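Got your viewer open? Load the model, pick a colour scheme you like, and follow along from one selection to the next.

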Amino acid sequence: MLKSSLKLSGFALLMSVLNFLFFHLPFFTFVFNNVDYKSFNGIILIISLIIIMLVANFFVYYLIFFLSRYVGKFLLVLTFIINSIAVYFVNTYGVIIDESMIGNVFNTNYQESSSFFSIKLVLYVILLGILPSIYIIKVKIINVPLKKFLITSSLSLLFMLVLAFVNASNWLWIDKNSKTLGGLAMPWSYSVNTSLFYIHEYKKNEKEILLPKATIKDHEKSVVVLVIGESARSQNFSLYGYGKNTNPLLSKVPNLSSFKATSCATYTTAGVKCILEHTNSDKLYEILPNYLYRNDVEVIWRTTNWGEPPVHIKNYQTKESLMPGCKGEGCNYDEILLSGLKEQIEASKKDKILIVLHTSTSHGPSYSKKYPAQFETFKPVCNSVELGNCSQQELINAYDNTIIYTDYILYNVIEDLKQLKEYKSAMLFVSDHGESLGEKNLYMHGVPLSIAPKEQYEIPFIVWVSDGSKQLKPEKDKVLSQNNVFHSVLNFLGIQSPVYNEEMNIFK
């Protein structure tokens, strides 16, 4: 039975132990899987990590509650509730709460975040968050004299320093795995990485770096439709040798090529940024649609997604703005991006046109809700947002159906472009990143690129060109990057620019 009143030191220790027991199974599962726990050094490392985690959290709680019990209780209640949500996602989807994952959280809208709701999540919050919080609010904490506080704090710090030096031989292992360890330690994973995220966002978004002026070389009518895929991994496309026929339409289309490619990141914001920039950089360079629009190219952006860098163009069209002109069941899915598209191109008074379609077709966890019923080719499918509750075959079936739907959308883009006889046209499909479907017990995406499995970064790069327009370089064995898009679009549209790199262009 928990006591109704505790001395500050006892309370801080109890909270540290509860935090350790409730929220650090994933942390120590990773440690046990990556050290030789039967060796003497492995045993020392594991014991040291347990002790240092307990002492470090004790020290922080002790310090905060000594300064203010009211602020301390508020922060502790907040961290227990957030910890419960964070550890649910770690346990359910195998994610790591690092800086890139924090970026995913802040760039998620209500529609996407609500798709993760489940009874299991509610139970995590109640049992691991709310129940401990009730005790934290009710317990009476007996403060200690300043002298005792200083002695206890000093001894705690000294103990942590001694323990760190005892593990000097393990520093290399800790440094090598610091990103994962830091992403699994609660509450430091999200508190530290949230601070880092905002610091880097502030630096990155201080000012968009404008590119040098571009020149339109000719008056030949040309249009490129760039389709940015969401969570599409190349290994599930039959165009890339997948055993199931997930590309029944595209596989029969002439003038279509598929290239091996990798993404710059495993999350949407960085992946889309890389597709639209001329080089992979932490800086915020002017992106392709802004650059072309500023240099007198017609640019249209249509989206059912989010997470792109700031887009500064006239025709930015969301699902909501496209809905009034759309008819049929497909308007509830990514087909809405095709509504009136051909007519919008024909109405343009410009010779050069770039269309960007930012889809959301293969984004989890609700894969089975991303396509109309007639595209449910592979059955049975996973209908749960708790992906671990489904068999891997059900999960893969649902995901493969999103690829069949993607195939249908891309086919219809090409059919629209074929009817524009006066234009030389091209369609490029590039995904923002890949997706894990239970391999290595990982789900969805967002694992740091340095340790991510290939499923999260090997992406499709599919290109179609109209008859009589440009041909592709014979680069079947070359692995392309997302940055190839920028230079290839410039080449196809006949745009001269000082930042153009011929080596990054896929057209002859």
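Which residues does Asn 236 touch, not counting residues up to four places away in sequence? Select Asn 236 and show its surroundings: you should find Tyr 242, Thr 246, Ile 396, Tyr 399, Asp 400, Ile 403 and Leu 437. Bear in mind as you look that this is a predicted model.

Stay on Asn 236 for a moment. You are in the loop between β4 (222–229) and β5 (256–262). Is Asn 236 buried or exposed? Its relative accessibility is 1%, and the cut-off for buried is under 20%, so Asn 236 counts as buried. Now turn on the side chains of Arg 233 and Asp 400. The side chain of Asn 236 has a polar contact of 2.6 Å with the side chain of Arg 233, and another, of 2.7 Å, with the side chain of Asp 400. Asp 400 also belongs to the list of residues that Asn 236 touches.

Next, the sheet. Select β4 and step outwards from there. β4 is one of eight strands in an open sheet with mixed pairing, and the order to trace is β7-β6-β8-β4-β9-β12-β5-β13. At the edges you meet β7 (315–318) and β13 (480–481), each of which pairs on one side only. Come back to β4 and add β9 (residues 424–431): the two run parallel, joined by eight bridges. For a landmark across that pair, pick Val 223, which stands opposite Ser 425 in β9.

From the sheet, move on to two prolines. Both Pro 365 and Pro 380 sit in the loop between β8 and α16, and β8 covers 352–358 while α16 covers 392–418. Zoom in on the backbone just before each of them. The peptide bond from Gly 364 to Pro 365 is cis, with omega near 5 degrees. Further along the loop, Lys 379 and Pro 380 are also joined by a cis peptide bond, with omega about -5 degrees.

While you are checking backbone angles, where do positive phi values turn up outside glycine? Try Asp 296, with phi of about 75 degrees, in the loop between α13 (288–294) and β6 (298–303). Asp 296 counts as partly exposed because its relative accessibility is 49%. Then jump to Lys 440, where phi is near 55 degrees, again positive in a residue other than glycine. Lys 440 lies in the loop between β10 (436–437) and β11 (443–444), and at 67% relative accessibility it counts as exposed.

Now switch on the surface and select Phe 117, Ile 119, Val 122, Leu 123, Ile 126, Leu 127, Ile 130, Leu 131 and Ile 134. Together they form a nonpolar patch with about 800 Å² of accessible area. Click on Leu 127 and show the ribbon under it: you have landed in helix α7 (residues 119–138).

Finally, zoom out to the whole chain. There are 17 helices and 14 strands, and the C-alpha atoms fill a box of roughly 85 × 50 × 50 Å along the principal axes. Of the 508 residues, 56% count as buried. The accessible surface comes to about 23100 Å², with 61% belonging to carbon and sulfur atoms. If you draw a contact map, residues 24 or more positions apart account for 77% of the contacts with a separation of 6 or more.

Note on methods:
Residues numbered from 1 in each chain as written. Predicted model: local features only at pLDDT ≥ 70, side-chain atom pairs only at ≥ 80, totals over all residues. Heavy atoms only, no water. Helix = DSSP H or I, 4+ residues; strand = E, 2+ residues; numbered from the N terminus. Buried < 20%, exposed > 50% of the residue type's maximum accessible area, 1.4 Å probe, protein only. Polar contact = N/O pair within 3.5 Å; in protein donor to acceptor, adjacent residues only side chain to side chain. Contact = heavy atoms within 4.5 Å. Patch = residues over 30% accessible without salt bridge, like charges linked within 9 Å, V, L, I, M, F, W, Y side chains within 5 Å. Areas by Shrake-Rupley, 256 points an atom, 1.4 Å probe, with all protein chains shown as cover. Salt bridge = Lys/Arg side-chain N within 4 Å of Asp/Glu carboxyl O. Pairing = 2+ DSSP bridges.
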